[in-house]
Amino acid sequence: MELRVLVADDQTLVRGSFRVLIDTAPGLRAVGEAGTGAEAVGIAARERPDVVLMDVRMPEMDGIEATRRICRDLPDVRVLILTTFDLDSYVYAALRAGASGFLLKDTPPADLLSAIRVVASGESLLAPTVTRRLIAEFVRRPAPAGPPPAGLGALTDREREVLALIARGLSNTELAEHLHLSPATVKTHIGRLPAKLQARDRAQLVIAAYETGLVRPR
């Protein structure tokens with residue numbers, strides 16, 4: 001199946017480079033270019049791409065707000081944030097807006113193409129440096145006060161355990177080994193979490209684990 005990709009960046013040369021990279025990759029096709037956040041929202045609504053490559057700093061409407069609107073109105077469209085700025089505020093804001101991935105623009109081309117496919121499949125993807133900064137963001141935030149939100153009450157003990165380990169960064173394989181479960185069983189537990197916590201993907205499950213106080217930064 002061919003994956004359709006929208007490229008949003010305020011620099012024409014950057015957009016063109018990404019488009020060429022995408023159009024020459026097997027199974028991928030660029031379906032549009034946007035130079036502003038507002039254009040990205042409009043083209044996404046019209047073209048319904050599988051993935052949007054979204055720059056953060058753009059005129060008229062920044063990439064964070066554009067991501068928020070796309071994820072709100074087009075739940076089947078995945079957003080992969082690309083930026084030259086490895087800043088905590090961007091990481092947290094992008095994921096809260098619904099982005100499924102966050103990579104720096106110096107990511108090797110092969111890794112970027114792989115990231116598009118990963119995000120399109122429904123998984124989330126974070127660069128290693130981004131993961132560290134995301135955890136650092138929670139360290140600076142005050143601990144949640146009062147009882148945990150009702151969402152956690154819907155989870156079984158095993159699902160809470162799985163969620164906590166996801167927030168610690170364990171992969172599905174590592175989860176299976178740690179919990180002495182089959183990969184299929186782990187996948188089943190993980191599959192139930194997004195609906196119960198109203199999370200789009202694994203990245204937002206990590207946020208939910210920290211924001212509810214289930215996991216505290218070390």
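Let me begin with strand S1, where Leu 3, Val 5 and Val 7 point one way while Arg 4, Leu 6 and Ala 8 point the other way, and all of them are buried, buried meaning under 20% relative accessible area, with exposed over 50% and partly exposed in between, for a 1.4 Å probe and protein chains only. Put as a count, 6 of the 6 residues of S1 are buried. When I speak of helices and strands, I mean DSSP runs numbered from the N terminus, with helices being H or I of at least four residues and strands being E of at least two.

I should say early that this is a predicted model, in which local features need pLDDT of at least 70 and side-chain atom pairs count only at pLDDT 80 or more, while totals for chains, interfaces and linings use all residues. Residues are numbered from 1 along each chain as its sequence is written, and side-chain values use heavy atoms, with hydrogens and water left out.

The predictor's confidence in each residue, pLDDT, runs from 0 to 100, and the chain has a mean of 84, with 84% of its residues at 70 or more. Over residues 145-149, however, pLDDT stays under 50, and there the model has 2 contacts beyond four places in sequence, a contact being heavy atoms within 4.5 Å.

Which strands does S1 pair with in the parallel sense? One is S2, residues 28-34, over 6 bridges, and another is S3, over 4 bridges, where pairing requires that DSSP finds at least two bridges between two strands. Leu 6 has Gly 32 as its bridge partner in S2, and Val 52 as its bridge partner in S3. Between S1 and S2 the chain passes through helix H1, residues 12-23, in a right-handed β-α-β crossover, which is to say that, with the strands pointing away from the viewer, the path from the first strand over the helix to the second runs clockwise.

Further along the chain, S4 and S5 also pair in the parallel sense, over 4 bridges, and Ile 81 stands opposite Phe 102 in S5. Both faces of S5 are covered, with Gly 101 and Leu 103 buried on one side and Phe 102 and Leu 104 buried on the other.

Several of these residues return in the largest nonpolar core, which has 30 residues, and of which Val 52, Met 54, Ile 70, Val 79, Ile 81 and Phe 102 touch the most other members; such a core is a set of buried Ala, Val, Leu, Ile, Met, Phe, Trp, Tyr and Cys residues joined through side-chain atoms within 4.5 Å. The elements giving two or more residues to this core include strand S1 (3-8), strand S3 (51-55), helix H4 (88-97) and helix H11 (202-211), and H4 gives the most, with 5 residues. Leaving aside neighbours within four places in sequence, Val 52 is in contact with Leu 6, Ile 70, Val 77, Arg 78, Val 79 and Leu 80. A second, separate core of 23 residues includes Leu 152, Leu 179, Ile 190 and Val 206.

For a contrast with the buried strands, consider Val 118, which lies in helix H5, residues 109-120, and which counts as partly exposed because its relative accessibility is 27%.

Finally, for the chain as a whole, there are 11 helices and 6 strands, and buried residues make up 49% of the 218 residues.
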